[in-house]
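Work through the exercises below with the coordinates loaded. Each task is followed by a solution in steps.

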Amino acid sequence: MAQPGGDPAARRRRGPDEAEIAELLRAGASAPSSHNSQPWRLRWHEDAVEVHGDPARHLHAADPDARELRIACGAAIANVRLTARAQGRRAHTQLLPDRDDPWFYGRVRPGAPWPPAGWEVELARAVRRRHTDRHPFADRPLSAGLRDQLLRAAWRESCRLVIVDDRALRRGLLALTAEAHHQQQSDPSFVAEWDRWIGSGSRSGDGLPAELARRAPRPDAAWRPRDFGGSTAEGDRVVSAEDPTEHEPTIAVVTSFDDGALAQLRAGLALEQVLLTATARGVGASFVAPPLEVAAVRVRVRALLGGVLWPQVILRLGWGRPVHPTPRRPAAG
Ligand SMILES: Cc1cc2nc3c(=O)[nH]c(=O)nc-3n(C[C@H](O)[C@H](O)[C@H](O)COP(=O)(O)O)c2cc1C
């Protein structure tokens, strides 16, 4: 008897149907982005998903060079590519350039049927389950095997994940985090931009809505300096009583060997694969962006790490707990 939708192999040969295209676009839109700005435009054009940066969503104060914007778009491309592979097709991926469109970042064209590897299916499944976890983590280290998997996830994109274990380095990085956070908090344009995106409640499907900002954990004086619930009236905050006291989360830096637009996009692809690998293993992650957002401090982070690699994203990793998803605006458009 004929199966609804026909023989799966024949369907794969035909190319993605409407539901599969929608799944590809949704996967792209599930990527992380600074302030949940979702600074991309995703569209199905001819036979491929195209990812363009969206200048209207560029965070000029936090991200003057659009470096984080490109990282977010790279993460979106990784999600589309993994999802196309999990749908059972080759995923021909092109990154940059398009001479006519400086905001064009990449295209993923689903091709001939090709069975996905186990790791590709696993990471594609993690796309919808990955959420930033800003809560304190339990003081339980990541195993050597797990750390190795995270390093390899970044290496697939020719990026290096540097896990910062050395005590002096951690102290140095922590001091730079505090310094950069302080600088940003004293910059009226950073604060105004933050208030537009975080906890404002007036936007739908982007930024951090007020009801989630109320639930954000209180910051600490260490790796979680930002107060996402800051604009919430004190009595309206929802504070979890069960949070552990965090002492030594794993700190890892996604780094690249170059710092051009292509290197930043690839760092986004690497970042997302690190995050999805963590999600698939039950490990939580959040970001420590301030020291890389302040240009003069980023130079010092680079020097701290030896002066060769370009730091792109600092991650805090550890054993967390389920967290609320942050909404997205509609995927395409
Ligand atoms: C480049 C970059 C920088 C980010 N910086 C921070 C940060 O400093 N603090 C933080 O809590 N979240 C940070 N985020 C996480 C975003 O806030 C988060 O991805 C967004 O709100 C969407 O939520 P989700 O990751 O749970 O899907 C960053 C994300 C990216 C891609």
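What volume does the second largest pocket have? The second largest pocket has a volume of about 410 Å³. The model is predicted: local features need pLDDT of at least 70, side-chain atom pairs count only at pLDDT 80 or more, and totals for chains, interfaces and linings use all residues. Residues are numbered from 1 along each chain as its sequence is written, and side-chain values use heavy atoms, with hydrogens and water left out.

**Exercise 1. Describe the lining of the second largest pocket.**

Step 1. Fix the terms. On a 1 Å grid over the protein atoms alone, a pocket is an open set of points with protein on both sides within 12 Å along at least five of seven lines, and lining residues have an atom within 4 Å of a point. Grid points are joined across faces, edges and corners, and a volume is the space filled by probe spheres set on the points.

Step 2. List the lining. It consists of 21 residues, and H135, R215, A216, P217 and R321 lie nearest the pocket centre.

Step 3. Sort by class. The lining of the second largest pocket holds 10 nonpolar, 5 polar and 6 charged residues (nonpolar: Ala, Val, Leu, Ile, Met, Phe, Trp, Tyr, Cys and Pro; charged: Asp, Glu, Lys and Arg; polar: the others, Gly among them).

**Exercise 2. Locate the largest pocket relative to the domains.**

Step 1. Take the domains. The chain is divided into domain 1 (8-126) and domain 2 (144-318), with bounds from an automatic or database domain assignment. Their centres, taken over C-alpha atoms, are separated by 22 Å.

Step 2. Count the contacts. In domain 1, 32 residues are in contact with 38 residues of domain 2 (contact: heavy atoms within 4.5 Å).

Step 3. Characterise the pocket. The volume of the largest pocket is about 890 Å³. Its lining has 46 residues, with P32, S33, T132, R134 and F287 nearest the centre. Two or more lining residues come from each of α2 (18-29), α3 (67-86), β7 (284-287), α10 (290-293) and β8 (310-318) (helices are DSSP runs of H or I with at least four residues, strands are runs of E with at least two, numbered from the N terminus). The largest share, 4 residues, comes from β8. By class, 25 lining residues are nonpolar, 10 polar and 11 charged.

Step 4. Conclude. Both domain 1 and domain 2 give residues to this lining, so the largest pocket lies between them.

**Exercise 3. Find the enclosed space.**

Step 1. Count. The structure has 1 cavity of 30 Å³ or more (a cavity is a set of grid points where a 1.4 Å probe fits but cannot get out).

Step 2. Describe. The largest cavity has about 50 Å³ of space. Among the residues that line it are S33, R57, D63 and E68. Its lining divides into 4 nonpolar, 3 polar and 3 charged residues.

**Exercise 4. Work out the strand order of the sheet that contains β1, and place the helices on it.**

Step 1. Order the strands. This open sheet of 4 strands runs β1-β2-β4-β3, with antiparallel pairing (two strands pair if DSSP finds at least two bridges between them). At the edges stand β1 (40-45) and β3 (89-95), each with a single partner strand, so one side of each is left without a neighbour in the sheet. Neighbouring strands are turned by 20° against each other on average, direction ignored.

Step 2. Check one pair. Strands β2 (residues 48-53) and β4 (residues 104-113) pair in the antiparallel sense over 4 bridges. V49 has V108 in β4 as its bridge partner.

Step 3. Add the helices. α2 packs on the sheet, touching β1, β2, β3 and β4, and its direction makes about 165° with that of β1. α3 lies across β1, β2, β3 and β4, running at about 160° to β3. Axes are lines fitted to C-alpha atoms, for helices over the stretch in contact, and angles run from 0 to 180 degrees between N-to-C directions.

**Exercise 5. Inspect the backbone at L96 and P97.**

Step 1. Place the residues. L96 is in the loop between β3 and β4, and P97 is in the loop between β3 and β4.

Step 2. Read the angles. The peptide bond that joins L96 and P97 is cis, with omega about -15°. L96 has a positive phi of about 40° although it is not a glycine.

Step 3. Set against the usual case. Most residues other than glycine have a negative phi, and most peptide bonds are trans.
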